[in-house]
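Hi everyone, thanks for making room for me today. Let me put the chain up on the screen, and then we can walk through a few of its charged side chains together.

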Amino acid sequence: MIAATALLSPVVQADNIYKFQDKDGIWHFTDKKPDEGQEFEAIFMQKEAEPRIKLRREGTESSPVYLLFNDFWGPVEVEFRLANAINVITEPALPARFVVPRQTEQMLVGIGSLDPQQGFSYQIQLSSVPGPPIAQRVQNSILQAPFPAGESYPISQGFLGTRTHNSPDSEYAIDIVMPVGTTILAVQAGVVMDIEEDFNKGGTNMKKFADKANHVRVLHEDGTMAVYAHLDLASVAIRAGARVKAGQRLARSGNTGFSSGPHLHFALQQNVGMQLVSLPFRFAASDGSNFEPRENQL
C-alpha cells in the first residue's frame, strides 16, 4: 500500500467585480482592477485568503517527488517533515529546510520505500516563513513614518501590547488610529513582496476575520520586512514585485480583517530561522532626531 497525505488546506475564492464608466459613457464590469485614476465601484465577492506557498507532486506512485512554488515576490524558507512514516526513505534526509526564491518552483524531496518489496505510507508536514533566514535580529532600524509629513495620529497599541499583539510576529507591532482612506507611505525602500486588497469587511470575530486583513508586505535590503495591514478595499497603488522608495504611496488605510475600528497595523518583521519575529524600531523626526513609538503618543 502506498499512501500520502498532505496537510494543506484547499482554496476557495472568487474575484471582486469592478464597475466603471469609460469616457464614452459605456459601463464596464470586470474582475481586473481598473487603471489608477479611473473612478470605479468595487462589488465585493466573498473569498478566502489565497496561499502563496503551493506544493505539487510529480513522479510515480512508487517514487513521488514534491515541488514547491513560491508565489511571493521575495524568498521563503520552508521546512519539510514527514509524520507517521512507515517504510520510507527520502532524498534529502528529513526534516530539511529550503530557501525558495521568489516566483520560483523548486524540487524539494524525493520519496521511496526503504524495502522495495513492501508498501509505504506517510503524512507531509510543511511549514513556511516569508523572508530570507537571518540568524541575528536586525537592530537600530530607523524608519520614516507611514503617513505624510505634517499629519499625526494616535497610537492605540504600542510595543509589547497585550490586547492583540501577543505573539512573536506582532509583539513589536503598533496600531495607529486613522480614518479610512488615509494615505499610507513606505517607511523604507524595498521590493513589494506580497499584496492582498480584495477584502472589504472587518470585525472583532477573530475566527471569521483573522486572515482577511488587506495588507502590503515590503522586503528591505537588510532582509527585514514591513507589514502594513487592515488596508482599504482595492486601494493598493503599487504592484507585487515593484521596487518602492521610502515615502512612496502604497495604499489607503482601512478597517478590514480582525479589527475593532479604523487603524493601520504596522510591524517590522524578520525571519529568524523558521520563526517570524517582529522587531523594535524608531521613527525619524523632521528635526533629524528619532523616537520610539509609544502608546497614546501622537
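First, a term: a salt bridge here is a side-chain nitrogen of Lys or Arg within 4 Å of a carboxyl oxygen of Asp or Glu. What you see is a predicted model, where local features need pLDDT of at least 70 and side-chain atom pairs count only at pLDDT 80 or more, while totals for chains, interfaces and linings use all residues. Residues are numbered from 1 along each chain as its sequence is written, and side-chain values use heavy atoms, with hydrogens and water left out.

Now the overall picture. The chain has one helix and 26 strands; these are DSSP runs numbered from the N terminus, with H or I over at least four residues for helices and E over at least two for strands. Along the principal axes, the C-alpha atoms fill a box of roughly 75 × 55 × 35 Å. Of the 298 residues, 43% are buried, meaning under 20% relative accessible area, with exposed being over 50% and partly exposed in between (1.4 Å probe, protein chains only).

How many salt bridges does the structure hold? There are 11 salt bridges, and my favourites are on β5. R56 pairs with E58, with the closest N and O atoms 2.7 Å apart. E105 also forms a salt bridge with R56, again with 2.7 Å between the closest N and O atoms. Because E105 lies in strand β10 (residues 104-113) and R56 in strand β5, this pair ties together parts that are 49 residues apart in sequence. So R56, E58 and E105 are linked in a network of salt bridges. R56 is partly exposed at 34%, as are E58 at 38% and E105 at 36%.

On the same topic, K54 forms a salt bridge with D71, at 4.0 Å between the closest N and O atoms. K54 is in strand β5 and D71 in the loop between β6 (64-70) and β7 (76-86), 17 residues apart.

Finally, is R52 buried or exposed? R52 counts as buried, at 15% relative accessibility, and sits in the loop between β4 (41-43) and β5 (53-59). Its side chain makes a polar contact with the side chain of D194 at 2.6 Å; that term means a pair of N or O atoms within 3.5 Å, where within protein one must be able to donate a hydrogen and the other to accept it, and residues adjacent in sequence count only if both atoms are side-chain atoms. A polar atom of the R52 side chain also lies 3.0 Å from the backbone oxygen of I195. Thanks for listening!
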